[in-house]
Amino acid sequence: MISLTSPVRTRAHGWPAGPKLAGLCLATLLLFLADSLPVQAAALAATLGLYAACGGVFLREGLRRLRPLWPFLLIVGAFHLWSGRTEEGAVIVLRLVTAVGLANLVTMTTRLGDMIDVVRRLTAPLRRLGVSTRPLEIAIGLVIRMVPAMFARGRQLGEAWRARSPRRVTWRIVLPFALTALDDADRVAEALRARGGLTPAPEREV
Amino acid sequence: MERSVTLVAVFAALTAVLGLIPPVTLGFGVPVTAQSLGVMLCGTVLGARRGALAMLLFLLLVALGLPLLSGGRGGLGVFVAPSAGFLIGFPVAAFVTGWIVERWRAAPLGLVAGIASVVGGIAALYAFGIAGLMLALGRSLPEAALLALAFLPGDLAKAGLAGALTAGLARARPGSLLSRPDVHAA
């Protein structure tokens, strides 16, 4: 499956994921602590500068990914203009765009494999305590593999419906779709067991 | 053990695929996606604990940068957006839904699953979502609740669907209904 990492290679792609995530946490915390308009404006300008430094294609893609925020910005903007608390509204709007922009920036410049490595490292203390994290690792891989496979199956079911009925595909298709998903789970479980199964740890939170 | 893990993974994937179905737009311009139907089904089929685990796995993969949310959204940005409360509510919603289905045995499964979806997939989910809107947008409770209210008709319909689907799945694959492990023995 295609992750949201930007195909435009930047220098930040090579930086280790851990410090990038730690930096993002710190920056987000500071953003939510700062209530002054000039600070928020500067933070947004700096964020846009980071995007721009990665080139025009990267910048445009970054802006495109901020689009789902528009309805919220309109609501906040309209309400604060109407109630006369413009500055407060501007701070909320700027902070929102910067926080989401920075987080997207880390996602766009970090490969999926690097992110999964971070999960492995963060769960290392559990392994030292004797808790197996193999179920979690297998589950991550399974979902990544299954989403495109299940999407393709859903499409097939839709085509089968349209080949047999003049009526539009309705919600009824979800039942056979969910049934095939349940059967997938059984078959993959058998396949896992046939290959030695998950480490014979007692059942724990994955 | 293996089957628990694969069912949890399959329902995380199912929730993602339901989010890929193009949204139906209601009369007043609110897009309704099937994603929250996935949240409800996680609870009604997998039960409280595994349903919540499936949702946690789903959110983890979203955070790692996979475009699993409706509209192909994902990445770390969605967790600081105003709608983040709804995401954080997914595991809780699945847990509450599953908890009710596991314990309330006196009524027909389809009805129980439908009502459980209303309590978990709507009431519990909205509580988190509305709290998120209040925090991110600086709104009061009634204002934030009004925003969430736009999604209520679609979600009520999905809760009804979740009930019907759960009953259908229980008939076709009684052994896979982890929320009622003894249903096929009865």
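**Helices 2 and 3 of chain B and the core around them**

The buried residues of helix 3 (48–63) of chain B pack against helix 8 (134–164) of chain A, along with helix 1 (2–20), helix 2 (35–46) and helix 4 (84–103) of chain B. Helices here are DSSP runs (H or I, at least four residues), numbered from the N terminus. A residue is called buried if 20 or more other C-beta atoms lie within 10 Å of its own, exposed if 12 or fewer, and partly exposed in between, with C-beta atoms placed from the backbone. Two residues count as in contact if those C-beta atoms lie within 7 Å.

A word on the source: this is a predicted model, in which local features need pLDDT of at least 70, side-chain atom pairs count only at pLDDT 80 or more, and totals for chains, interfaces and linings use all residues. Residues are numbered from 1 along each chain as its sequence is written, while chains are lettered from A and ligands numbered from 1 in the order in which they are written. The pLDDT score is the predictor's confidence in each residue, from 0 to 100. Its mean over chain A is 88, with 96% of the residues at 70 or more. Within chain A, confidence is lowest in helix 4 (residues 70–83), at a mean of 84, and highest in helix 2 (residues 37–53), at 93.

Back to helix 3 of chain B: 12 of its 16 residues are buried, so the helix is mostly covered. Among those buried are A54(B), L57(B), F58(B) and L61(B). The expected span of a helix is 1.5 Å times one less than its number of residues; for the 16 residues here that gives 22 Å, which agrees with the 22 Å between the end C-alpha atoms. After the helix comes G65(B), with a positive phi near 115 degrees.

Helix 2 of chain B is largely enclosed by the rest of the structure, because 12 of its 12 residues are buried. These pack against helix 9 (174–194) of chain A, and also against helix 1, helix 3, helix 4, helix 5 (109–137) and helix 7 (152–172) of chain B. Its end C-alpha atoms are 16 Å apart, in agreement with the 16 Å expected for 12 residues. G47(B) follows, and its phi is positive too, near 85 degrees.

What sits at the heart of all this packing? The largest nonpolar core has 114 residues, and those with the most contacts inside it are V143(A), V8(B), A9(B), A12(B), A13(B), A54(B) and F58(B). Domain 1 (17–122) and domain 2 (132–194) of chain A both contribute to this core, so it lies between them. A nonpolar core means a set of buried Ala, Val, Leu, Ile, Met, Phe, Trp, Tyr and Cys residues joined through C-beta atoms within 7 Å, and the domain bounds come from an automatic or database domain assignment. The centres of the two domains, taken over C-alpha atoms, are 35 Å apart. Leaving out residues up to four places away in sequence, A12(B) touches V143(A), A54(B), L57(B), F58(B) and L61(B).

The contact between the chains takes 53 residues from chain A and 44 residues from chain B. Helix 9 of chain A gives the most to chain A's side, with 13 residues.

How values were computed: Helices (H or I, at least four residues) and strands (E, at least two) are DSSP runs, numbered from the N terminus.
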